[in-house]
Amino acid sequence: MPEIRLLPDKVANQIAAGEVIERPAAVVKELLENSLDAGATRVEIEFKNGGRSYIRIEDNGHGMTKDQALLSIERHATSKIRLADDLLSIASFGFRGEALPSIASVSRFQLRTRTSASDSGSELMINGGKLVHVKECGMPTGTRIEVSHLFNSVPARRKFLKADPTEAAHIIQLARIYAIANPQTAFTLMENGRLVFNSPVCPSLKDRVQEIFGSSISDGLVPVKTEESDYRLYGLVSEPGRGRSTRHEMITIVNNRPVTSPTLNQALVESYHAYLPRGRYPIAFLFLELDPGAVDVNVHPAKREVRFRDAARVRGFIIRSLLDGLRELTEASKPAGVTGKRTSSAEPVPKPVPAAIGKMSARPVPSQPRHGVSATPVTQKPVPQPASEKPKEEKNWELGWKFVGHVQRGLAVFDSAKGIIVLDRRATHQRILYEELERQYLDQKVPAQQLLLPVPIELDALGASLMLDNLDFLNHSGFKVAEFGRNFFRIEAVPVWTTPDEAESLMIDLVGMMKDGSLRKNKPVEAFDHIARLACTKSVRLDDSVSEREMVSLVSQLFKCKNPLISPLGKPTYFELGRNELDRRFMR
Ligand code: ADP
Ligand code: MG
């Protein structure tokens, strides 16, 4: 039995804390993993103010005796590995024995724990790494850890924390992912006294996803299940055409451990290359099982990232499995499960982008338009015409640009006194639309189209509370959204730059942006800027039949913009090949 020292090496712990505990979500992660390692079938997580002021994790696992509890706050005290060789076959989450002492060194830390063999529990209180007291306490079997005043003693770290909602979003995302990865454990997550989600022990992954992420995510997922020699892949992925604007819902779990892995992420994105437009990401809850010896989890102190011994094979396996399923889905009219058993592992990775499908735009799978509009449906989004004054076409002619024709894909060529101008119509169109929207927003006159049938949408608890916070803002941005019952909303109108059948997916994207913190009601102009950019990415390309007059009008609108040179997405709208440059090239 090693000697138990009551004052762990404070400095060493704070250094370790710097590596492992970079933010409140990391505390939650470590404590949660300990609870799962202790065999808990129920875990309750509570936090306040993004975890800065308070974090509590309570479990019904096997608990610790008083001596074990005292040892657990010593550096490199772990019950999980004994020999270095054990590192090769780690089945538990923890193994470094660093987490508890690290957390205790940078917070006010209270540990209460009891094993089923003893009648009373033990309570340890540590403040900034100093043991304050050890005493008996009454409590059920299990462990309860409370962490408050996190990083108070480490101002340098405190400074690096983001605003509370951002830290909160990290904690919530983490808790969700762990709940998804551990369906045999019941999870409750509370934020500032409010329930974020509650998921009882749950046999079906689909139900679990619905409870934790809401039905807007769980609907439209299809099962995947494949095997290839010693690799096994299963889970749920989005059907073709259904994607999100962020990678937040690409969740990968390797041998029951939620991980981030560039190999897996790339394989996922690549599989959907032909099935999602650019900038959209699939939704995935993917479980990969393989020999633990083929995965290195000891890459990063916080164990977030894993590496595969044979990354190329893993990548190939994932892409093959998903592509097979996705192809079947697009070919068969009725969505079915993504299934298939593989035996050979030597098959080459299929080329992920067949040119024809790769070009598909927003909706590879034709979807039934479910909702009509009262006005004429907007199909080709019109370039907003200058509202009042007569188009100043003279200005364009003043520039001396003479329209020559359409070339390549979406480019227009003009001849000018100074040389040749090549203009990207899409970027031009986006710039005009963007500034028009900006002006409408500042005038508080963003045009909306009323939906004939309002679209109901169910959000998770966090999404719903963010939505409530932002209702006013949305209703000034061309939307009309109303609450109708717990976590339910009704979309009654959408801006004219989108189409009614996109109302739901658009709203889900916006809620995602609220969760990111990119859309905040206290910064409405910036928030609207995000919406306007979104509008620009959705604006369609004008076809090549655009007449000379329309082109001239487009250019004249472009030059009324405050910033005609680049699109709101940062791409050039046109460039000029000067007379001198042409002469130089032709050696004239
Ligand atoms: P590690 O998880 O790497 O072993 P930690 O510092 O996280 O290191 O925990 C130290 C030890 O404390 C663990 O090995 C375990 O024996 C014990 N422990 C921590 N949390 C719990 C818990 N919730 N229930 C039971 N035992 C725990
Ligand atoms: Mg641990």
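Which residue lies over the face of Tyr 231, and at what distance from the ring centre? Let us warm up with that one and then work through a few more exercises together.

**Exercise 1. Find the charges that sit over rings.**

Step 1. Start with the criterion: a charge sits over a ring if NZ of Lys or CZ of Arg is within 6 Å of the ring centre and within 35 degrees of the ring normal.

Step 2. Arg 313 lies over the face of Tyr 231, 3.8 Å from the ring centre.

Step 3. Now look at Phe 484: the charged end of Arg 490 sits over this ring, at 5.0 Å from its centre.

A word on conventions before we go on. This is a predicted model, in which local features need pLDDT of at least 70 and side-chain atom pairs count only at pLDDT 80 or more, while totals for chains, interfaces and linings use all residues. Residues are numbered from 1 along each chain as its sequence is written, chains are lettered from A and ligands numbered from 1 in the order in which they are written, and side-chain values use heavy atoms, with hydrogens and water left out.

**Exercise 2. Describe the chain as a whole.**

Step 1. Take helices (H or I, at least four residues) and strands (E, at least two) as DSSP runs, numbered from the N terminus. The protein chain has 18 helices and 23 strands.

Step 2. For burial, use relative accessible area with a 1.4 Å probe and protein chains only: buried is under 20%, exposed is over 50%, and partly exposed is in between. Of the 588 residues of the protein chain, 50% count as buried.

Step 3. Contact means heavy atoms within 4.5 Å. Among contacts in the protein chain with a separation of 6 or more, 70% are between residues 24 or more positions apart.

**Exercise 3. Take apart an aromatic cluster.**

Step 1. Rings of Phe, Tyr and Trp (its six-membered ring) pair if their centres lie within 6.5 Å; planes under 30 degrees apart count as stacked, over 60 as edge-to-face and the rest as tilted. The structure holds eleven aromatic pairs.

Step 2. For Phe 403 and Phe 414, the ring centres are 5.5 Å apart and the planes stand at 65°, so this pair is edge-to-face. Phe 403 belongs to strand 17 (residues 402-407) and Phe 414 to strand 18 (residues 411-416), so the pair ties together parts eleven residues apart in sequence. Both Phe 403 and Phe 414 are buried.

Step 3. For Phe 559 and Tyr 574, the centres are 5.8 Å apart with planes at 55°, so this pair is tilted. Phe 559 is in the loop between helix 17 (548-558) and strand 23 (574-578), and Tyr 574 is in strand 23, 15 residues apart. Phe 559 and Tyr 574 are buried.

Step 4. Put the pieces together: Trp 401, Phe 403, Phe 414, Phe 559 and Tyr 574 form one aromatic cluster.

**Exercise 4. Follow Gly 400 to its contacts.**

Step 1. Gly 400 lies in the loop between helix 12 (393-399) and strand 17. With a relative accessible area of 30%, Gly 400 is partly exposed.

Step 2. Gly 400 and Ala 417 are 17 residues apart in sequence, yet 6.3 Å apart in space, C-alpha to C-alpha.

Step 3. Setting aside neighbours within four places in sequence, Gly 400 is in contact with Asp 415, Ser 416 and Ala 417.

**Exercise 5. Place two buried residues.**

Step 1. Glu 191 lies in strand 7 (residues 186-191). Its relative accessibility is 10%, so Glu 191 counts as buried. Leaving aside neighbours within four places in sequence, Glu 191 touches residues including Phe 47, Ala 168 and Leu 462.

Step 2. Ala 267 lies in helix 9 (residues 262-271) and, at 0% relative accessibility, counts as buried. Beyond neighbours within four places in sequence, Ala 267 is in contact with Arg 315, Ile 318 and Ile 319.

**Exercise 6. Find the residues with unusual phi.**

Step 1. Recall that most residues other than glycine have a negative phi.

Step 2. Asn 49 has a positive phi, near 50°. Asn 49 is in the loop between strand 1 (42-48) and strand 2 (54-59) and is partly exposed at 36% relative accessibility.

Step 3. Asn 256 also has a positive phi, of about 75°. Asn 256 lies in the loop between strand 11 and strand 12, and its relative accessible area of 41% makes Asn 256 partly exposed.
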